[in-house]
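Colleague: I'm new to reading protein models, and I'd like to learn on a real case. Please walk me through this one.

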Amino acid sequence: MDADTLALTGVVMAMMRAATPLIFAALGEVMTEKAGVLNLGVEGMMLMGAVAAFTAAVTTGSPVLGLIAAMLAGMLMALLFAFLTQTLMANQVATGLALTIFGVGLSAFVGRDMVGQTVEPLAAIQLGALSRIPVVGPLLFGHDPLVYVSLALAAAVWWFLRRSRSGLVVRAVGENPQAAHAIGYPVRLIRYAAILFGGAMSGLGGAYLSLVYTPMWIEGMTAGRGWIALALVVFASWRAERVLLGAYLFGGITIAQLHLQSSGGLAVPSQILTMLPYLATILVLVLISRDETRIRLNAPASLGKLFHPEG
């Protein structure tokens, strides 16, 4: 394999790793929003997942227990959000923003004694001769397990929402909760389940950052990825398969700006290059927002609206 091909392979693999936490968080939010709930606390749940995963992995020496701890931490944050918005009928937007602020502060407090510590990252799967096939081998068989889990999860969420009866019920709750309630579906319970799934996936996305992507704990290490995941849901038109496309697009932009900074080929301040993924997020949202028909056709009709059962 020549140097250019090797470099390109490395860039693609790095792009897939950069996209993986976005895939987890965005797929969780797709499920939540399909049930008609808007949870803007993804950033806070990811941070709590990251610090819980790192703490558990350092304490027990097991990255698997770290992943479990991250999912539980994300679910606990999501449970708090669900209780406030579904039981106490708090405003979803305000509660989600408060959840992010709470997650930022609590994660910094929990991880205050572990800043700068490192942990052994999850190793890439090695399949012998298959992993050594030029170009194809590293791209298909040279990743850590969570990259493959993210791909499988995207397929599972797509099948669940588009092909299963339970997924149809979730979508019905997001479209018209009053009608779903009238025919006997437990709307609040379904929304609770969707919110908890979203929390678990956000926690898993945070765990990927602290155990694989940057195997250490740094305060605020999500660096806005939770907000990018929220934008991805809109970019993907609330469809799981399109989340992959959007995540790899933003992952590619992230890796591109890192390579531009390291190469020194552009006489541009590094701060400008660091802004590229976030500028791309804003640009995408602006372009999508101009197409009101597309949003109206794809967004759940009751997204962000409180459900008041009658009778």
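**Reading the model, feature by feature**

Colleague: Let's start on the outside: what does isoleucine 272 count as?

Modeller: Isoleucine 272 counts as partly exposed, at 41% relative accessibility. Buried means under 20% relative accessible area, exposed means over 50%, and partly exposed lies in between (1.4 Å probe, protein chains only). Isoleucine 272 sits in helix α12, residues 270-274; helices are DSSP runs of H or I with at least four residues, numbered from the N terminus. Bear in mind that this is a predicted model, where local features need pLDDT of at least 70 and side-chain atom pairs count only at pLDDT 80 or more, while totals for chains, interfaces and linings use all residues. Residues are numbered from 1 along each chain as its sequence is written, and side-chain values use heavy atoms, with hydrogens and water left out.

Colleague: Which residues form a nonpolar patch on the surface?

Modeller: Isoleucine 272 is one of them, and Leu260, Met275, Leu276, Leu279, Ile282 and Val286 complete the patch. Together they have about 550 Å² of accessible area, computed by the Shrake-Rupley method with a 1.4 Å probe, counting only the protein chains shown as cover. Patch residues have over 30% relative accessible area and no salt bridge, and nonpolar side chains (Val, Leu, Ile, Met, Phe, Trp, Tyr) are joined within 5 Å. The biggest contributor is helix α13, residues 276-289, with four residues.

Colleague: And inside, how many residues does the largest nonpolar core have?

Modeller: As a general idea, nonpolar side chains tend to be buried together in soluble globular proteins. Here the largest core has 78 residues, and Leu27 and Trp217 have the most contacts inside it. Helix α9 gives the most to this core, with 13 residues. A core is a set of buried Ala, Val, Leu, Ile, Met, Phe, Trp, Tyr and Cys residues joined through side-chain atoms within 4.5 Å. Leaving out residues up to four places away in sequence, leucine 27 touches Ser150, Leu153, Ala154, Val157, Phe197, Ala240 and Val243, where contact means heavy atoms within 4.5 Å.

Colleague: Why is α10 largely enclosed by the rest of the structure?

Modeller: Because nine of the eleven residues of α10 are buried. Among them are Arg225, Gly226 and Phe235.

Colleague: Which residues form an aromatic pair?

Modeller: Rings of Phe, Tyr and Trp (its six-membered ring) pair if their centres lie within 6.5 Å; planes under 30 degrees apart are stacked, over 60 edge-to-face, and the rest tilted. The count is one aromatic pair. Phenylalanine 235 and phenylalanine 250 are edge-to-face, 6.4 Å centre to centre with 75° between the planes. The first ring lies in α10 and the second in α11, so the pair ties together parts 15 residues apart in sequence. Both are buried: phenylalanine 235 at 18% relative accessibility, phenylalanine 250 with 2%.

Colleague: What is there to see in phi angles?

Modeller: Most residues other than glycine have a negative phi. Serine 237, following α10, has a positive one near 55°. Tryptophan 238 is not a glycine either, yet its phi is about 60°; this residue is in the loop between α10 and α11 (240-263) and is buried, at 6%.

Colleague: Which side chains meet in a salt bridge?

Modeller: Those of glutamate 241 and arginine 239, at 2.8 Å from N to O. The rule asks for a side-chain nitrogen of Lys or Arg within 4 Å of a carboxyl oxygen of Asp or Glu. Glutamate 241 is partly exposed at 30%, and arginine 239 is partly exposed at 25%.

How values were computed
Patch = residues over 30% accessible without salt bridge, like charges linked within 9 Å, V, L, I, M, F, W, Y side chains within 5 Å. Helix = DSSP H or I, 4+ residues; strand = E, 2+ residues; numbered from the N terminus.
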